[in-house]
Amino acid sequence: MADKKTWPKMQEMKDNGEKIAMITAYDYSSAGMAEKAGIDIILVGDSLGNVVQGGDNTLPVTVDEMIYHAKAVKRGAPNTCIIVDMPFGSYEISIEEGVRNAVRIIKETGCDGVKLEGGIERAELIRAITNASVPVMAHIGMTPQKIAQMGGFKVQGKSIEDAQKLIDAAKALEAAGAVQVLMECVPTPLATKITESLEVPTIGIGAGNGTTGQVLVWYDMAGMYDKFCPKFVKKYAEAGKIITDAMAEYVAEVKGGQFPDEAHSFALKNADEILPRLY
Ligand code: KIV
């Protein structure tokens with residue numbers, strides 16, 4: 001079994017030019033698969049609002065739901081670094097409430113840190129959560145919790161002003177204590193420049209190959225979610241089709257009477273003796 005990757009170990013990985021592989025998981029079984037596959041970080045993402053709950057966005061997800069899923073993930077991957085998304089509404093109202101929710105998530109799940117979305121305006125909050133001994137991953141660029149303000153899922157940092165804002169945010173959030181900075185939908189050259197200008201590792205999703213690590217939503221990369229598929233997703237499997245085909249075969253066998261066969265049923269040794277005596 002590989003050693004659990006701690007935040008300092010992952011800092012060493014960046015320093016040594018090694019890549020970090022991160023993936024989402026939302027339950028015991030998928031977390032176990034991720035651990036077996038050698039994933040460095042599991043993210044219990046609020047993307048569960050889309051791929052597990054079937055919502056159009058992540059906004060309705062609650063702290064209680066994140067904790068429920070994170071506990072299951074922790075049971076499935078006890079030797080993997082696990083980070084939990086702080087959902088919309090759990091840190092915007094006040095610093096105090098953000099710290100309280102971050103501490104609660106760690107206390108109740110036993111996971112290794114929290115991730116939260118936003119730019120330079122989150123620096124004070126990240127400092128406060130870090131001071132409460134909770135490691136924080138900052139999430140900049142396209143931040144799905146700001147979907148309404150951003151007017152949809154759009155690549156960020158395309159003008160000089162916006163690109164500079166992203167660089168300033170990344171530096172400020174690192175200075176505030178963020179252990180890693182995640183960038184979503186950021187052009188490759190800009191994400192690479194940000195990675196080079198930070199000490200801490202960066203994780204990219206739709207941010208090209210110049211970041212320290214990569215993250216994908218596991219339902220997307222395994223072909224399990226077909227509502228929409230962003231350009232940056234590479235499908236490594238068509239698991240959704242494999243499972244649907246298996247279910248269709250099951251339906252056919254149940255209706256045709258082929259399932260269950262003897263191999264999947266329990267015999268009764270003395271049936272000839274027992275059954276006639278039953279009424
Ligand atoms: O919620 C999530 O899965 C995420 C990733 C898309 C980075 O934040």
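Helices here are DSSP runs of H or I at least four residues long, numbered from the N terminus. Keep that in mind as we walk through this predicted model, starting towards the end of the chain.

Pro 260 sits in the loop that runs between α11 (239-256) and α12 (271-274). What kind of peptide bond joins Phe 259 and Pro 260? That bond is cis, with omega at about 0°. There's another backbone oddity at Ser 133, where phi is near 70°, a positive value in a residue that isn't glycine. You'll find Ser 133 in the loop between α6 (123-131) and β5. Both spots are worth a look because most residues other than glycine have a negative phi, and most peptide bonds are trans.

Now zoom out to the overall layout. The domain assignment splits the protein chain into domain 1, covering 7-238, and domain 2, covering 242-277. Take the C-alpha centres of domain 1 and domain 2, and you get a separation of 45 Å.

Next, the ligand. It has 13 residues around it, and those that come nearest are Gly 45, Asp 46, Ser 47, Asp 85 and Lys 115. Three of these put polar side-chain atoms by ligand oxygens. For Ser 47, an N or O atom of the side chain is 2.5 Å from an oxygen atom of the ligand. Lys 115 has a polar side-chain atom 2.8 Å from a ligand oxygen, and for Asp 46 the corresponding distance is 3.0 Å. How much of the ligand's accessible area does the protein cover? On its own the ligand has 260 Å² of accessible area, and the protein covers 95% of that. As for chemistry, the shell around the ligand is made up of five nonpolar, four polar and four charged residues.

Finally, there's the second largest pocket, which holds about 390 Å³ of space. Its lining has 16 residues, and Gly 119, Met 150, Gln 156, Lys 165 and Leu 166 are the closest to the pocket's centre. Which elements each supply at least two residues of this lining? They are β5 (136-141), α7 (147-150) and α8 (160-176). Of the contributors, α8 gives the most, with four residues. By residue class, the lining of the second largest pocket divides into five nonpolar, seven polar and four charged. And β5, one of the elements that supply this lining, also marks one end of the loop where we met Ser 133.

Methods
Residues numbered from 1 in each chain as written. Predicted model: local features only at pLDDT ≥ 70, side-chain atom pairs only at ≥ 80, totals over all residues. Heavy atoms only, no water. Near = heavy atom within 4 Å. Polar contact = N/O pair within 3.5 Å; in protein donor to acceptor, adjacent residues only side chain to side chain. Areas by Shrake-Rupley, 256 points an atom, 1.4 Å probe, with all protein chains shown as cover. Nonpolar A, V, L, I, M, F, W, Y, C, P; charged D, E, K, R; others polar. Domains from an automatic or database assignment. 1 Å grid on protein atoms, 1.4 Å probe; cavity = no way out; pocket = protein on both sides within 12 Å on 5 of 7 lines; lining within 4 Å. Points joined across faces, edges and corners; volume = space filled by probe spheres on them.
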